[in-house]
Amino acid sequence: MAGRRRASRAGCSLVLLLAVLVGCGGGPSPDTASADVQRVLDRRAAAVLDRNESAYRATEEPSGSTAEFTRLRAVPLAAWSYRLTDLHRSGDHATAGAELRYRIEGYDRAPVTAARTLRLVRDGGSWRVASDVPAERASQQLWEQGAVTVVRGAHSLVLGVGQSGERLRAYAGLADRAVPAVTDAWGADWPGHVVVLVPKSLEGMAGLLGAPASGYRGIAAVTTGEAGGTARAPADRIIVNPDAYGLLGDFGKQVVLSHETTHVATRAHTTAATPLWLSEGFADWVGYRGSGRTATQAAPELERAVLDGHAPAALPDDKDFGFAGDAARLARAYEGGWMACRLIADHWGEVRLNEFYRAVGDHKKRAGAVEGALRDVLHTTPENFTRQWQAYLKAQLG
């Protein structure tokens, strides 16, 4: 009996010890670090929106910099938040992954999303941010590149780094002319304003795109539709390459801004079903619409191919639009798409061109999208349309 009682007491002691170690719930005692870090990020976000520097400093490591907070003051923000996605802790140090979501007031109906990596240290029992940078392979934000200057136009908001106010006002003027021109061509079913980002250089543009600069050296501007936006209201940005854009004349600059603004306007109807010859060709068609430019003036590379007896046998493929490829091939792809849209507008009318674009995008899947729109909107077949396009090229450029 005595031996059994001693064994029983020893067993109870072991059970008690295990209970202390694992907690009453039967699992490991929860680490509160994730919840604590999320609270710090929530306070940090509130400080940014409230433009409260002292509150922002309270989330920073004492030796940290508030330069980014100062630059953000110029940006008219409607929302700013972080969502912690992962946390790796080692003692009083931690590395966190987070999704930053923000909206620009009056312009974004859906948030821009950006993956961030934050280093944190625990000081006096509280977590503080030591660094906040883009996650691996993620893009930079404009204010990370320097002080931001903001210019408001009638239909545009232009944010620049390393650019004079006069130059940014010129961008706003071009964008303000582009917006009503695009609405006249496409319709009013879009917000009717654009956000233009003008970094200091090509390298700055590449940083905003999270891509190598070499792929955009000759590209004057691009438009991004943020993945965090909804299908009907994404947050678009027109990002300018000031190096290439600055080489253009006044007409070329306007065409580029009108082209990119068209991408913003048509975004809700541009899906995985839309081939690049249609999305890029339509944007060029809007850019040149009403300019009086002839086919030979606007499609010199394609004209050269036609005159040399090398007229294309098919509409441009998506791979023909690669920025890092042959520059002449890229030019012919854009010109070929433009000529296809120009053909539709000339032969079937501008209303049908718009209907065709929307019908392709509404199909959602690439397979059968163009074929169905050709049948239902233009009452033709892919084979007949290609033959008409080839004849149109020879008539206009031959």
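What percentage of the 398 residues in the protein is buried? The answer is 46%. Bear in mind that this is a predicted model.

## The overall picture

Let's start with the whole chain. The protein has 15 helices and nine strands. Take the contacts between residues at least 6 apart in sequence: 62% of them join residues at least 24 apart.

On the outside, the protein exposes about 19000 Å². Carbon and sulfur atoms supply 52% of that area.

## Strand β8 and its partner

Strand β8 runs over residues 221–225, and four of its five residues are buried, so the strand is largely enclosed by the rest of the structure. Its pairing with strand β9 (residues 236–240) is antiparallel and covers five bridges. If you want a spot to look at in that ladder, try V222, which stands opposite I239 in β9.

A reminder for anyone tracing side chains here: in a regular strand they alternate between the two faces of the sheet.

## H263 in helix α8

Next up is H263, which sits in helix α8 (residues 250–266). Is H263 buried or exposed? H263 counts as buried because its relative accessibility is 11%, and the cut-off for buried is under 20%.

Leaving out neighbours within four places in sequence, H263 is in contact with T223, S279, E280 and A283. One of these contacts leads back to the strand just described, since β8 spans residues 221–225 and T223 is on the contact list of H263.

## E144 in the β4–β5 loop

E144 belongs to the loop that links β4 (126–134) to β5 (148–152). With a relative accessible area of 21%, E144 is partly exposed. That value falls in the class between buried, under 20%, and exposed, over 50%.

What does E144 touch, if residues up to four places away in sequence are not counted? The contacts are E68, R71, R116, D132, V133 and P134. For a distance to check on screen, the C-alpha atoms of E144 and V161 are separated by 9.5 Å, with their positions 17 residues apart along the chain.

## Two positive phi angles

Which way does the phi of R51 go, positive or negative? It is positive, at about 55 degrees, although R51 is not a glycine. R51 is in the loop between α2 (33–50) and α3 (53–57), and it is partly exposed, with a relative accessible area of 33%.

H379 also isn't a glycine, and its phi is likewise positive at about 55 degrees. This residue is in the loop between α14 and α15. H379 is exposed, with 60% relative accessible area.

## The second largest pocket

How many residues line the second largest pocket? There are 14 of them, and P275, W277, L315, P316 and V370 lie nearest the centre. The elements giving two or more residues to this lining are α14 (369–378) and α15 (382–397). These two helices are also the ones on either side of the loop that holds H379.

The space inside comes to about 300 Å³. As for chemistry, the lining splits into nine nonpolar residues, one polar and four charged.

Technical notes
Residues numbered from 1 in each chain as written. Predicted model: local features only at pLDDT ≥ 70, side-chain atom pairs only at ≥ 80, totals over all residues. Heavy atoms only, no water. 1 Å grid on protein atoms, 1.4 Å probe; cavity = no way out; pocket = protein on both sides within 12 Å on 5 of 7 lines; lining within 4 Å. Points joined across faces, edges and corners; volume = space filled by probe spheres on them. Nonpolar A, V, L, I, M, F, W, Y, C, P; charged D, E, K, R; others polar. Buried < 20%, exposed > 50% of the residue type's maximum accessible area, 1.4 Å probe, protein only. Contact = heavy atoms within 4.5 Å. Areas by Shrake-Rupley, 256 points an atom, 1.4 Å probe, with all protein chains shown as cover. Pairing = 2+ DSSP bridges.
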